[in-house]
Amino acid sequence: MANPPLEWTDGSAVRLDRQDPYLRLQSVTVFVRDLEQSLSFYLDQLGFHLVFDARIQPNRRFVTVAPPDGTANLTLAAPEPGSEQLKLIGHPTSVTFVTEDVIAKYGEWSKRGVRFQFTPRLKRLKYEVHARDPHSAAASSSAADQAPIWGGVFTRFKDPDGNSFSLVSFDEVTHAVEAQRRALAERLEFERRAAQELEIAKQVQARLFPQTSPPLKTLEYAGVCIQARKVGGDYYDFLDLGRERFGFVIGDISGKGIAAALLMANLQANLRSQCAIAFDQPQRLLRSVNQLFCDNTPDGSFATFFFAEYDDSASRLRYANCGHLPAILLHGDDTVERLEATATVLGIFKDWDCEIGEHQLRPGDTLALYTDGITESYNSHDEQFGEQRLIEALQRHCGQSSQCLLESIVAEVQRFSPHEQHDDITLIVARHRGN
């Protein structure tokens with residue numbers, strides 16, 4: 001009676017330690033004359049569930065039923081004529097069912113035609129509690145000194161063959177069930193609030209992505225982030241840097257879920273607060289962003305990052321690849337350049353610097369920035385989508401508008417990997433259309 005509530009109400013509790021192998025009661029056999037009649041009694045009158053129904057031999061059938069709660073089952077077996085088991089039918093089974101309310105079950109089952117031997121009775125007695133740990137003499141002595149009083153209600157009922165069973169309830173079970181109900185209600189409420197807060201976080205993060213796409217004279221562009229979870233750590237942005245300069249940003253924050261989303265918001269805030277210095281000194285901008293990211297994030301957090309500044313009047317692209325996947329520059333003649341890393345990732349080293357790469361874009365050129373949710377999507381054969389498939393997709397659809405091109409590539413990735421998405425898919429494409 002001194003056991004934790006979970007042990008009273010749910011015998012399937014699993015121990016965290018592995019010192020002893022898992023062990024529980026599976027079933028108790030009850031011998032009956034007519035399996036179909038007994039099965040109807042347990043399912044229709046008592047409200048049990050059917051667990052197992054199979055023929056072990058051509059003329060031997062076993063049926064297992066279980067009450068709605070707990071793990072122990074009853075196996076119903078029809079013994080062979082003349083067997084010793086046949087003599088056990090119609091006697092007390094020594095099987096006891098426990099409920100939180102015997103009176104309620106008595107009324108419910110009586111209406112369904114269950115035969116009770118007597119109306120429920122109340123019994124109270126004192127008892128000793130023995131601790132489960134045989135090495136803990138102090139615990140056993142302490143429990144025995146309390147000598148709690150057991151309060152319970154009991155009755156007996158019979159099945160169609162006259163086999164009788166006990167139905168009991170006692171205070172500890174009632175209290176334990178109520179405690180478990182409260183705990184379940186609290187857990188469900190916690191999960192409801194967590195889901196609501198996560199939905200709010202999703203909406204907030206969605207507002208961190210670009211809400212508008214300012215037009216450029218020589219370049220059309222589009223971006224998308226399809227998150228694997230409600231929120232994630234992928235980041236992309238479009239920045240108006242002034243004087244016909246425009247910024248393309250893509251990043252991948254270490255980690256997943258809420259933690260990564262918070263770091264993503266921190267990186268975005270740092271970048272936008274510092275982007276005024278990008279026009280003249282992009283290296284200084286990135287050094288400042290790295291410094292702030294180091295100062296405001298936990299040790300071990302980092303971000304791969306690609307920053308590109310496009311001069312709309314000169315069609316010139318300056319970029320810094322901070323440990324990110326190489327951007328792909330597809331020229332109008334289908335030749336490909338990869339814009340490799342020019343610096344290490346952000347957030348690990350405070351003493352950090354980067355180099356700036358530069359390319360001249362011409363009409364028909366296409367730039368693609370992406371995260372590993374694109375290239376590391378897997379198919380059923382455990383193959384990655386990979387960079388080469390991305391290049392081939394860009395070449396196939398290069399005549400489309402930037403928005404259509406983006407949608408076509410995402411569709412190819414999702415067809416290649418149609419199962420559950422495990423990582424954020426983020427992509428920016430920009431096409432030079434001439435003056």
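A residue counts as buried when its relative accessible area is under 20%, as exposed when it is over 50%, and as partly exposed in between. With that in hand, let us walk through this predicted model, beginning with Glu 36. At 47% relative accessibility, Glu 36 falls between the two cut-offs and so is partly exposed. Its salt-bridge partner is Arg 61, with 2.8 Å from N to O. Glu 36 sits in helix α2 (residues 35-45) and Arg 61 in strand β3 (residues 60-66), so this pair ties together parts that are 25 residues apart in sequence. Arg 61 has a relative accessibility of 17% and therefore counts as buried.

Let us step back for the overall picture. The protein chain has 10 helices and 19 strands. Of its 435 residues, 43% are buried. Among contacts between residues at least 6 apart in sequence, 67% join residues at least 24 apart. The accessible surface comes to about 23,300 Å², and 51% of it belongs to carbon and sulfur atoms.

Back to the charges: the whole structure holds 24 salt bridges. In one of them, Arg 181 meets Glu 100 at 2.6 Å, N to O. Because Arg 181 lies in helix α5 (residues 171-208) and Glu 100 in the loop between β5 and α3, the bridge ties together parts that are 81 residues apart in sequence. Arg 181 is partly exposed, with a relative accessible area of 44%, and Glu 100 is partly exposed at 28%. Another salt bridge joins Arg 338 and Glu 340, whose closest N and O atoms are 2.0 Å apart. Here Arg 338 has a relative accessible area of 39% and Glu 340 one of 38%; each is partly exposed. There is also a network, in which salt bridges with shared partners join Arg 245, Glu 309, Asp 311, Arg 316, Arg 318 and Glu 358.

The loop that holds Glu 100 is also home to Thr 99. At 13% relative accessibility, Thr 99 falls under the 20% cut-off and so counts as buried. Leaving aside residues up to four places away in sequence, Thr 99 touches Lys 105, Leu 167, Val 168, Ser 169, Phe 170 and Val 173. Thr 174 is 75 residues from Thr 99 in sequence, yet their C-alpha atoms are 7.9 Å apart.

Now for the aromatic rings, which form 21 pairs. Trp 109 and Phe 157 make an edge-to-face pair, with centres 5.3 Å apart and 70 degrees between the planes. Trp 109 belongs to helix α3 (residues 102-111) and Phe 157 to strand β8 (residues 149-158), so their pairing ties together parts 48 residues apart in sequence. Both Trp 109 and Phe 157 are buried. A second edge-to-face pair, Phe 385 with Phe 416, has 5.4 Å between centres and an angle of 80 degrees. Phe 385 is in the loop between α8 and α9, while Phe 416, 31 residues away, is in helix α10. These two residues are buried as well. Ring pairs also build a cluster from Phe 41, Tyr 42, Phe 48, Phe 97, Tyr 106, Trp 109, Phe 116, Phe 157 and Phe 165. Elsewhere, Arg 121 lies over the face of Phe 118, 4.0 Å from the ring centre.

Our last stop is on the surface. Val 51, Phe 52 and Ile 56 make a nonpolar patch of about 280 Å². Phe 52 is in strand β2 (residues 49-57) and is partly exposed, with a relative accessible area of 41%.

Terms used: Residues are numbered from 1 along each chain as its sequence is written. This is a predicted model: local features need pLDDT of at least 70, side-chain atom pairs count only at pLDDT 80 or more; totals for chains, interfaces and linings use all residues. Side-chain values use heavy atoms; hydrogens and water are left out. Rings of Phe, Tyr and Trp (its six-membered ring) pair if their centres lie within 6.5 Å; planes under 30 degrees apart count as stacked, over 60 as edge-to-face and the rest as tilted. Helices (H or I, at least four residues) and strands (E, at least two) are DSSP runs, numbered from the N terminus. Buried means under 20% relative accessible area, exposed over 50%, partly exposed in between (1.4 Å probe, protein chains only). A charge sits over a ring if NZ of Lys or CZ of Arg is within 6 Å of the ring centre and within 35 degrees of the ring normal. Patches are made of residues with over 30% relative accessible area and no salt bridge: like charges are joined within 9 Å, nonpolar side chains (Val, Leu, Ile, Met, Phe, Trp, Tyr) within 5 Å. Accessible areas come from the Shrake-Rupley method with a 1.4 Å probe; for residues, only the protein chains shown count as cover. A salt bridge is a side-chain nitrogen of Lys or Arg within 4 Å of a carboxyl oxygen of Asp or Glu. Contact means heavy atoms within 4.5 Å.
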